[in-house]
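Colleague: Got a minute? I'd like to go through this model with you, starting with how the strands pair.

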Amino acid sequence: MSADIETLRRRSELLRAARNFFYRQQFIEIESPVRIPANAPEEYIEAIPAGGEFLRTSPELALKVLLSRGAERIFEIGSAFRAGEFGSRHREEFTILEYYAVGWDYRRLARFTARLAAQLARRVTGGCEVLWRGRKLDFSRSEFITVDEAYRRYAGVSAFDADADGSFDELMVTKVEPQLGGEGLTFLIDYPASRASLSRRRADDPRVAERWELYAAGVELGNAFGELTDPVEQRERFRAAAEFRAGQGMLAYPEAEEFFAALERGIPDSSGCALGFDRLAMLLLGADDIGAVRL
Amino acid sequence: MYNASDLKKGLKIEIDGAPWVITEFEFCKPGKGTALYRCRMKNMITGIGMEKTYRPTDKIGEPKIEEKEMYYSYFDGSHYIFSDPNTYEEVSVAPEVLGKRTYFLQENSLCNFVLYNDEPIDITLPTFIEKEIVETEPGARGDTATNVMKPAKIDNGYEFQVPLFINQGDVVRIDTRTGEYAERVSKA
């Protein structure tokens, strides 16, 4: 399965609309290296080795280094690679749209992302209505729901309990995700702090982290953080993740030196988001499988 | 044993001593979370469906499933006896396994067997058999409507519905999957 020429033409319109959206907001487009010395160690994302280095699982570390060097609004559209991921919503190679803005909190970034998604919908469908797998969505509508509220409503348990007893991911897939973004865009916000990844904990409620994921029609479209900029806490999280990875027999990365140098130098308060561009294109172009919207 | 990463649509697996076939499969990976393999499956014996989600470290049983062609030979008074065309090995099948299909067995017809632990769990007969109608009300001459039906019987007593224009002595084709009339082959 791969995209036909007409689909590629419509995908190209989406790419152009996305770029124009960022250019109008004074973002600059970055092309960071695809092959890098080290990825961020994440518990369940594995890299593909490439000539003594690794293919990037996302451009995250490189873009954050640029924030420490004075960039204020940046975005990148390019390939990212994750070993062993294959399904109707996964490919080992996929196109990521990642962006950062200095001085924005994670909620402002969510509102910006909602406008981006609505703008892309207008470009390909004429309106904000999106038809996908027999479902009708309105991309001009967006809502926030906290992770804990979503678990209580759809799985009947607290997200913190689910996290503690190991059922978090399974409930997410079977009970929670299918209910998200039923009518438009849903931002699932404030993850339990243990799932903060590279986001910072909320100052007013340290049980949760400044992290959201965007959903439409039950499909996860992207992940965003209020960025963790504390080098001490970041180093500790990487160490814990690396230890977990070693126990799972996953690849060991060398230390992400440039990234830690950037943290020491100082990354300003900022928020960033990574969208799965193929998934967004799949929804907007009415395809069942991301394989139908990319080569 | 299978690994979770082997799971896919159509794969046959074993759970608690029963064979299941995966009818729908989805690779899932919730944001930053572990990979999960969501399966909808059907019990190959009872036909009951269920959903199950596997984790990457799960091991899944591999059923001993064999598919082969067997000839129908004879009825021994309690069981239906089939034989392997290559080894001449005989397999006896209880009437319950065949259900209504016992009426459609014809000597030396080649049937497809699915065996689980050497026990037949599914038997597919040739799709059509031709049978003479031994009993039915006389047909109305000129009535070729196919949507009005009446009862009819074949020599082994199987009763089913046929169109009005079918007469005693006509040979008809019966669909063995449904047990329904398919078409007339020849007139009496």
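Modeller: Sure. One term before we start: two strands pair if DSSP finds at least two bridges between them. Strands themselves are DSSP runs of E with at least two residues, helices are runs of H or I with at least four residues, and both are numbered from the N terminus.

Colleague: And what am I looking at, and how is it labelled?

Modeller: This is a predicted model, so local features need pLDDT of at least 70 and side-chain atom pairs count only at pLDDT 80 or more, while totals for chains, interfaces and linings use all residues. Residues are numbered from 1 along each chain as its sequence is written, and chains are lettered from A and ligands numbered from 1 in the order in which they are written.

Colleague: OK, pairing. Which strands pair with β14(A), and over how many bridges?

Modeller: Strand β13 (residues 219-226) of chain A pairs with β14(A) in the antiparallel sense, over 5 bridges. Strand β6 (residues 93-102) of chain A also pairs with β14(A) in the antiparallel sense, over 7 bridges.

Colleague: Which residues sit opposite each other there?

Modeller: Tyr99(A) stands opposite Cys273(A) in β14(A). Gly226(A) has Ser271(A) in β14(A) as its bridge partner.

Colleague: Is β14(A) buried or exposed?

Modeller: Strand β14 (residues 270-276) of chain A has 7 of its 7 residues buried, so it is largely enclosed by the rest of the structure. Buried means 20 or more other C-beta atoms within 10 Å of the residue's own; exposed means 12 or fewer, partly exposed is in between, and C-beta atoms are placed from the backbone.

Colleague: Which way do its residues point?

Modeller: In a regular strand the side chains alternate between the two faces of the sheet. In β14(A), Ser270(A), Gly272(A), Ala274(A) and Gly276(A) point one way. Ser271(A), Cys273(A) and Leu275(A) point the other way, and all are buried.

Colleague: What about the open sheet of 3 strands?

Modeller: That one is in chain A, in the order β2-β4-β3, with antiparallel pairing. β2 (35-36) and β3 (49-50) of chain A stand at the edges with a single partner strand each, so one side of each has no neighbour in the sheet. β3(A) pairs with strand β4 (residues 53-55) of chain A over 2 bridges. Pro49(A) has Phe54(A) in β4(A) as its bridge partner.

Colleague: Switching topic. How do the two chains compare overall?

Modeller: Chain A has 9 helices and 14 strands. Chain B has 1 helix and 16 strands. The C-alpha trace of chain A spans about 50 × 45 × 35 Å along its principal axes. For chain B the box is roughly 75 × 40 × 25 Å.

Colleague: And the radius of gyration?

Modeller: It is taken over C-alpha atoms, and the globule rule is 2.2 Å times the number of residues to the power 0.38. For 295 residues a compact globule would have a value near 19 Å, and chain A agrees with 18 Å. For 188 residues the rule gives near 16 Å, but chain B has 22 Å.

Colleague: How much of each chain is buried?

Modeller: In chain A, 47% of the 295 residues count as buried. In chain B, 19% of the 188 residues do.

Colleague: Any domains in chain B? Which ones?

Modeller: Domain 1 (2-60), domain 2 (65-124) and domain 3 (128-186). Those bounds come from an automatic or database domain assignment. The centres of domain 1 and domain 3 of chain B are 44 Å apart, taken over C-alpha atoms.

Colleague: Where do the chains touch?

Modeller: The contact takes 13 residues from chain B and 18 residues from chain A. Contact means that the C-beta atoms of two residues, placed from the backbone, lie within 7 Å. On the chain B side, β3 (18-28) and β4 (36-43) of chain B give two or more residues. β3(B) gives the most, with 3 residues.

Colleague: Last one. Where is Ala3(A), and what does it touch?

Modeller: Ala3(A) lies in the segment before α1 (5-24) of chain A. Ala3(A) is buried, because 20 other C-beta atoms lie within 10 Å. Leaving out residues up to four places away in sequence, Ala3(A) touches residues including Leu8(A), Arg11(A) and Leu295(A). Ala3(A) and Ile290(A) are 287 residues apart in sequence, yet 9.0 Å apart in space, C-alpha to C-alpha.
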